[in-house]
Amino acid sequence: MKKDKKAAQKFQIEIVETLSNIVEVNAEDEQDALMKAQEMYRNEQVVLYPDDFIDTKFNIFQ
């Protein structure tokens with residue numbers, strides 16, 4: 001018996017890389033700490049580098 005070849009299909013694959021770095025901030029509470037960390041990140045006081053890599057995920061969309 002001969003197997004029929006399936007027609008090639010196009011797929012969209014999302015590749016998500018996760019980088020992580022822990023920074024310390026002085027703050028009055030957790031919300032204030034998050035705001036300060038976000039501001040530091042936006043102002044490029046905190047930069048994530050390839051050495052901060054922790055994971056890669058592949059998500060398929062059709």
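1. Let me start with aspartate 52, since it rewards a look in this predicted model. Its place is the loop that runs between helix 1 (30-42) and strand 2 (53-61).

2. Aspartate 52 is buried, yet no salt bridge accompanies it. Lysine 57 carries the nearest side chain of opposite charge, and that is 18 Å away. With a salt bridge defined as a Lys or Arg side-chain nitrogen within 4 Å of a carboxyl oxygen of Asp or Glu, lysine 57 at 18 Å does not qualify.

3. Which residues does aspartate 52 touch, leaving aside neighbours within four places in sequence? The contacts are with Thr18, Leu19, Ser20, Asn21 and Val47. Burial is worth noting here, as just 3% of the 62 residues of the chain count as buried.

4. On the overall fold, the secondary structure amounts to 1 helix and 2 strands, arranged along the sequence as β-α-β. The chain is more spread out than a compact globule, because its radius of gyration is 21 Å, well over the 11 Å given by the globule rule for 62 residues. The C-alpha trace spans about 70 × 25 × 20 Å along its principal axes.

5. Among contacts in the chain with a separation of 6 or more, 78% join residues 24 or more positions apart.

6. Finally, the surface and the charges. About 6500 Å² of the chain is exposed, with 50% of that supplied by carbon and sulfur atoms. The chain has 8 positive and 13 negative charges, and the mean positions of the two sets lie 25 Å apart.

Key: Residues numbered from 1 in each chain as written. Predicted model: local features only at pLDDT ≥ 70, side-chain atom pairs only at ≥ 80, totals over all residues. Heavy atoms only, no water. Helix = DSSP H or I, 4+ residues; strand = E, 2+ residues; numbered from the N terminus. Buried < 20%, exposed > 50% of the residue type's maximum accessible area, 1.4 Å probe, protein only. Lys, Arg positive; Asp, Glu negative; His and termini not counted. Contact = heavy atoms within 4.5 Å. Rg over C-alpha atoms; globule rule 2.2 N^0.38 Å. Areas by Shrake-Rupley, 256 points an atom, 1.4 Å probe, with all protein chains shown as cover. Charge placed at Lys NZ, Arg CZ, Asp CG, Glu CD.
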